[in-house]
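Please open the model in a viewer and keep the sequence panel visible. The stops below are arranged so that each selection leads to the next.

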Amino acid sequence: MAAGGRDDILAAVQLADGDWVAGTRSAVYLPEGDKVRRVGWEAIERAAWDSEASVLRVFETTAFGTPLRSTDLSVEDPGRFGQLLRERVDASIVVQRHVALVGKKGVRIVGRRSPASTDAPVAWNFVLDKGLEPDRPGLIEQAEAALQAVRDEFGI
């Protein structure tokens, strides 16, 4: 690939088992068995570092109502890769808004797109606050209306 290409590696870290994970402008490459899986930054919800266990846990966005998919990366120190992970996930967020639905509890609406292209489509998702159950009558409809209102507000 040519220097400066969209998939040039910006940071990588070796895992405890000898495998590698890497990040580029547009995606992170995560191990999956004996293969590598490409995940766009806009599909990464967050990451958490457990220094006691030396595990970097990467959480991916999923369809509403399904548990987040997580990948555990055993590393001594995430170093520059951990910094890149944080920077690229933050860069993928176009809009983030909390909308109250029941008292102060509500829904967090997030619009993300690939940080490698400002022309990339925006993917939307929402997460209910703890204590709000999706089977509560009318709650999903309220959340979807809030999502549409945010989309309209930003013209996205």
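Contact, as used throughout this tour, means heavy atoms within 4.5 Å. The model is a predicted one, in which local features need pLDDT of at least 70 and side-chain atom pairs count only at pLDDT 80 or more, while totals for chains, interfaces and linings use all residues. Residues are numbered from 1 along each chain as its sequence is written, and side-chain values use heavy atoms, with hydrogens and water left out.

**Stop 1: T71 and its strand**

Select T71, which is found in strand β7; helices (H or I, at least four residues) and strands (E, at least two) are DSSP runs, numbered from the N terminus. T71 counts as buried because its relative accessibility is 11%, where buried means under 20% relative accessible area, exposed over 50% and partly exposed in between (1.4 Å probe, protein chains only). With neighbours within four places in sequence left aside, display the residues in contact with T71: L30, P31, R37, L56, R57, V58 and E60.

Next, select β7 as a whole, residues 69-74, together with β6. These two strands pair in the antiparallel sense over six bridges; pairing requires that DSSP finds at least two bridges between two strands. One bridge to locate joins R57 to D72 in β7.

**Stop 2: β6 and the hairpin with β5**

Keep β6 (residues 55-60) selected and colour by accessibility: five of its six residues are buried. In a regular strand the side chains alternate between the two faces of the sheet.

Add β5 (44-50). The pairing of β5 with β6 is antiparallel and also runs over six bridges, one of them linking W49 to L56 in β6. The two strands form a hairpin with four residues between them.

Which residue in the turn has a positive phi? Select S54, whose phi is about 55 degrees although it is not a glycine. Most residues other than glycine have a negative phi. S54 lies in the loop between β5 and β6, and it counts as buried because its relative accessible area is 19%.

**Stop 3: β1, β2 and β3**

Move to β1 (11-14) and to strand β2 (residues 20-23), which pair in the antiparallel sense over four bridges. A11 has G23 of β2 as its bridge partner. Five residues separate the strands of this hairpin, and among the residues of the hairpin G18 takes a positive phi near 95 degrees.

Continue to β3 (27-32). A hairpin of three residues joins β2 to β3, and the two strands pair in the antiparallel sense over two bridges. The bridge to show here runs from A22 to Y29 in β3.

**Stop 4: the nonpolar cores**

A nonpolar core is a set of buried Ala, Val, Leu, Ile, Met, Phe, Trp, Tyr and Cys residues joined through side-chain atoms within 4.5 Å. The largest one has 17 residues; select V28, W41, I44, L73 and F81, which have the most contacts inside it. At least two residues each come from β1, β3, β6 and α1, and the largest share, four residues, is that of α1.

Centre the view on I44. Not counting residues up to four places away in sequence, I44 touches V28, V39, V58, F59, E60, T61, V89 and R112. A second, separate core of 14 residues includes L101, I109, A143 and L147.

**Stop 5: the pockets**

On a 1 Å grid over the protein atoms alone, a pocket is an open set of points where a 1.4 Å probe fits, with protein on both sides within 12 Å along at least five of seven lines; lining residues have an atom within 4 Å of a point. Grid points are joined across faces, edges and corners, and a volume is the space filled by probe spheres set on the points.

The largest pocket holds about 490 Å³. Its lining has 20 residues, and those closest to the centre are F64, T66, F126, V127 and L128. Select β10 (123-128), which gives the most to this lining, with four residues.

Finish at the second largest pocket, of about 230 Å³. Of its 13 lining residues, A47, A48, G82, L85 and R86 lie nearest the centre. The elements supplying two or more residues are β5 and α1 (79-92), and α1 gives the most, with seven.
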